[in-house]
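Here is a friendly walk through one protein chain, written for someone who likes to look at contacts and distances. Have the viewer open as you read.

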Amino acid sequence: MAGNDPIVEPLMFTRGADFVHDFKIDAKDPDIPDGTAARIEVTKTSKTDAPIIATWTLTPEARQIRARVEAEDSGDDTTIGNQYRYRLLVNLPDAPTLDHCWFRGPIVRRQ
């Protein structure tokens, strides 16, 4: 099959807790290039035309992309429900730039 097949993995949110996670690249992969940007987009459904209801900017490093999202934007944000959907998009500084969907999946709420 041609094309990109993102890793499917749930994001776990807990009331009162910040969302903290490091998305690490495989040991055999090259470093994430300088100038890379990353974000998580949240939608209510997985439909291709579902409106984006939240966007969080992440921090790319050489071997990982670091997510640090305050609780009021993630665990305590009641507009983001259980089984909403997310995608982690990485913008690589190619010419032209390249958006790559690395992860996607459901949001699972605890407590």
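The notes below go from strand pairing to the core, then to the aromatic rings and two loop residues.

**Strands around S8**

Keep in mind that this is a predicted model. A good place to start is strand S8, which covers residues 98–110. Strand S1, residues 7–8, pairs with S8 in the parallel sense over 2 bridges. Within that pairing, Val8 stands opposite Arg104. Strand S2, residues 11–14, also runs parallel to S8, and 4 bridges join the two. Here Met12 has Val108 as its bridge partner. Strand S7, residues 85–92, pairs with S8 in the antiparallel sense, over 8 bridges. A hairpin of 5 residues joins S7 to S8, and Asn91 of the antiparallel pair stands opposite Asp99.

The table puts the three pairings side by side.

| Strand | Partner | Sense | Bridges |
|---|---|---|---|
| S1 (residues 7–8) | S8 | parallel | 2 bridges |
| S2 (residues 11–14) | S8 | parallel | 4 bridges |
| S7 (residues 85–92) | S8 | antiparallel | 8 bridges |

When you inspect side chains along these strands, one general point helps: in a regular strand, side chains alternate between the two faces of the sheet.

**The nonpolar core**

Which residues touch the most other members of the largest nonpolar core? They are Phe23 and Ile40, in a core of 23 residues. The elements that give two or more residues to this core are S2, S3 (19–24), S4 (37–43), S5 (52–60), S6, S7 and S8. Phe23 also touches Ile40 itself. Leaving out residues up to four places away in sequence, the other residues that Phe23 touches include Leu11, Ile65, Ala67, Leu88, Trp102 and Phe103. Arg63 and Gln64 are also among the residues touched by Phe23.

**Aromatic rings**

The model has 5 aromatic pairs. In one of them, the ring centres of Phe13 and Trp56 are 5.7 Å apart and the planes meet at 55°, so this pair counts as tilted. Because Phe13 belongs to strand S2 and Trp56 to strand S5, the pair ties together parts that are 43 residues apart in sequence. Both Phe13 and Trp56 are buried. Ring pairs also bring in Phe19, so that Phe13, Phe19 and Trp56 form a cluster.

**Two residues in one loop**

Ser74 is found in the loop between strand S6 (64–69) and S7. Is Ser74 buried or exposed? Its relative accessible area is 0%, and since buried means under 20%, Ser74 is buried. Beyond its neighbours within four places in sequence, Ser74 is in contact with all three residues of the ring cluster, Phe13, Phe19 and Trp56. Ala17, Asp18, Val69 and Arg109 are also in contact with Ser74. A polar atom of the Ser74 side chain lies 3.4 Å from the backbone nitrogen of Phe19. In addition, Ser74 and Ala54, 20 residues apart in sequence, have C-alpha atoms 9.2 Å apart.

Gln83 is found in the loop between S6 and S7 as well. With a relative accessibility of 41%, Gln83 counts as partly exposed. Leaving aside neighbours within four places, Gln83 is in contact with Lys44, Pro106, Ile107 and Val108. That last residue, Val108, is the bridge partner of Met12. Gln83 and Leu11 are 72 residues apart in sequence, while their C-alpha atoms are 9.6 Å apart in space.

Notes:
Residues are numbered from 1 along each chain as its sequence is written. This is a predicted model: local features need pLDDT of at least 70, side-chain atom pairs count only at pLDDT 80 or more; totals for chains, interfaces and linings use all residues. Side-chain values use heavy atoms; hydrogens and water are left out. Two strands pair if DSSP finds at least two bridges between them. Buried means under 20% relative accessible area, exposed over 50%, partly exposed in between (1.4 Å probe, protein chains only). Contact means heavy atoms within 4.5 Å. A polar contact is a pair of N or O atoms within 3.5 Å; within protein, one must be able to donate a hydrogen and the other to accept it, and residues adjacent in sequence count only if both atoms are side-chain atoms. A nonpolar core is a set of buried Ala, Val, Leu, Ile, Met, Phe, Trp, Tyr and Cys residues joined through side-chain atoms within 4.5 Å. Rings of Phe, Tyr and Trp (its six-membered ring) pair if their centres lie within 6.5 Å; planes under 30 degrees apart count as stacked, over 60 as edge-to-face and the rest as tilted.
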